[in-house]
Amino acid sequence: MTKRFLLPVGLFGAVFLVIVFLGTANVYPKLSNDTKQKLKVFVSILPQAYFAERVGGERVDVSVMVGPGQSPATYEPRPKQMAKLSKASLFFRIGVPFENVWIERISKANPRMKVIDTRQGLELLPMKAHHHGKGIKDPHIWLSLRLVKIQAKSICDAFISEDPDHAAYYEANLRAFHHDLDKLDAEITGILKNLKNRQVMVFHPAWGYICNDYDLEQVPIELEGKEPSAKTLARLIAQAKAEGIRVVFVQKQFSKESAETVAKAIGGKVIQVDPLSREYLQNMRKIAETFVKVMQ
């Protein structure tokens, strides 16, 4: 009796284990395939990571070259990043200075990776300068909500080209992102339109696109990476006094010294703003609100 009872239980246990094993054999490859199917993409700066994640959602794995507090002008990719690039499908460039030095090596690290230039279809502004001459184009194209709409479309097209089965998903995400950009654009237009003083004194001339969108003018202290001469500083101080400018905006990636010299001379103050925050929409609203607060 006992032996006859144990045999079916033993058989049942063995069959049960086989079923479980077969079940997991079916499930786990799917999970690992899904992980593999995530598009591995690289971007140059943190705001672009936000754009790529808004459009790509759960279908993308985004890595950023220039991390928090680092400067896109002087950045050098780390060996770990170059190794990780070898597994990426897409690299979105945006025109920041480090790309010009590194883009060839970045491409060679992974010849199969597509390099997408998100400046395509954009009208680039000249870099603000006291003396015109070199014709340098302003790379800070992410500081215009209107131009980000076009950049996001380029990102969406690249995702669809790599992963056409999920085109509808990317397009729906793009529409939602465009909606948020338009809504914030309308908000910022509203809060900036009644400013009487429309000049913004800044250390580094990064704000050309936001100023262009909302009819403001940036007055930069530093140009082409060079600290101002004593003569230039004196002229800027005189201009700030004449225009009633009381605040100098500085990026946290740059030295405050010259900005503080000007602020002290005009009886004003230095305020830090970060054009490279990953929390893009929130940061753009904060920048506009800061402008309003100090330019009233």
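So, what covers the buried residues of helix H2? The cover includes strands S1, S2 and S3, plus helices H5 (145-162), H6 and H10. "Buried" here means under 20% relative accessible area, "exposed" means over 50%, and "partly exposed" is in between, with a 1.4 Å probe and protein chains only. Nine of the 11 residues of H2 are buried, so this helix is largely enclosed by the rest of the structure. If you want to find them on screen, they are Leu46, Pro47, Gln48, Ala49, Tyr50, Phe51, Ala52, Val55 and Gly56. Right after H2 comes glycine 57, with a positive phi near 55°.

Quick word on what we're looking at. This is a predicted model, where local features need pLDDT of at least 70 and side-chain atom pairs count only at pLDDT 80 or more, while totals for chains, interfaces and linings use all residues. Residues are numbered from 1 along each chain as its sequence is written, and side-chain values use heavy atoms, with hydrogens and water left out.

Okay, the overall picture. The chain has 10 helices and eight strands. Helices (H or I, at least four residues) and strands (E, at least two) are DSSP runs, numbered from the N terminus. Out of 296 residues, 47% count as buried. And take the contacts, meaning heavy atoms within 4.5 Å: among those between residues at least 6 apart in sequence, 62% join residues at least 24 apart.

Now back to H2 and its neighbours. S1, H2 (residues 46-56) and S2 make a right-handed β-α-β unit. Right-handed means that, with the strands pointing away from the viewer, the path from the first strand over the helix to the second runs clockwise. S1 and S2 pair in the parallel sense over five bridges; two strands pair if DSSP finds at least two bridges between them. Along that pairing, valine 43 stands opposite valine 64 in S2.

S1 also pairs with S3. That one is parallel too, with three bridges between S1 (residues 39-43) and S3 (residues 90-93). Phenylalanine 42 sits opposite phenylalanine 91 in S3, and valine 41 has leucine 90 as its bridge partner there. S1 is mostly covered, with four of its five residues buried.

Put these together and you get an open sheet of four strands, paired in parallel, in the order S2-S1-S3-S4. Which strands stand at the edges? Those are S2 (60-64) and S4 (114-117), and each has a single partner strand, so one side of each is left without a neighbour in the sheet. On average, neighbouring strands are turned by 25° against each other, direction ignored. Helix H4 (residues 97-109) packs on this sheet and touches S3 and S4, and its direction makes about 170° with that of S3. For these angles, axes are lines fitted to C-alpha atoms, for helices over the stretch in contact, and angles run from 0 to 180 degrees between N-to-C directions.

Next, the two helices H6 and H10. The axes of H6 (residues 167-192) and H10 (residues 280-295) come within 10 Å and cross at roughly 5°. H6 and H10 are therefore roughly parallel to each other. The cut-offs: under 35 degrees is roughly parallel, over 145 roughly antiparallel, 65 to 115 roughly perpendicular, and the rest oblique. The residues in this contact divide into 11 nonpolar, no polar and four charged. Nonpolar covers Ala, Val, Leu, Ile, Met, Phe, Trp, Tyr, Cys and Pro; charged is Asp, Glu, Lys and Arg; the others, Gly among them, are polar. On the H6 side you'll find, among them, Leu181, Leu184 and Ile188, and they face H10 residues including Leu281, Met284 and Val292.

Later in the chain there's another β-α-β unit, also right-handed: S7, H9 (residues 257-265) and S8. S7 and S8 (residues 269-273) run parallel, joined by five bridges. Phenylalanine 249 has isoleucine 271 as its bridge partner in S8.

Two loop residues to finish. Glycine 244 lies in the loop between H8 (230-243) and S7 (247-251), and at 39% relative accessibility it counts as partly exposed. Glycine 244 is 51 residues from methionine 295 in sequence, but their C-alphas are 9.2 Å apart in space. Then there's aspartate 215, in the loop between H7 (208-213) and S6 (217-220). Aspartate 215 has a positive phi of about 60° although it isn't a glycine, and at 57% relative accessibility it counts as exposed.
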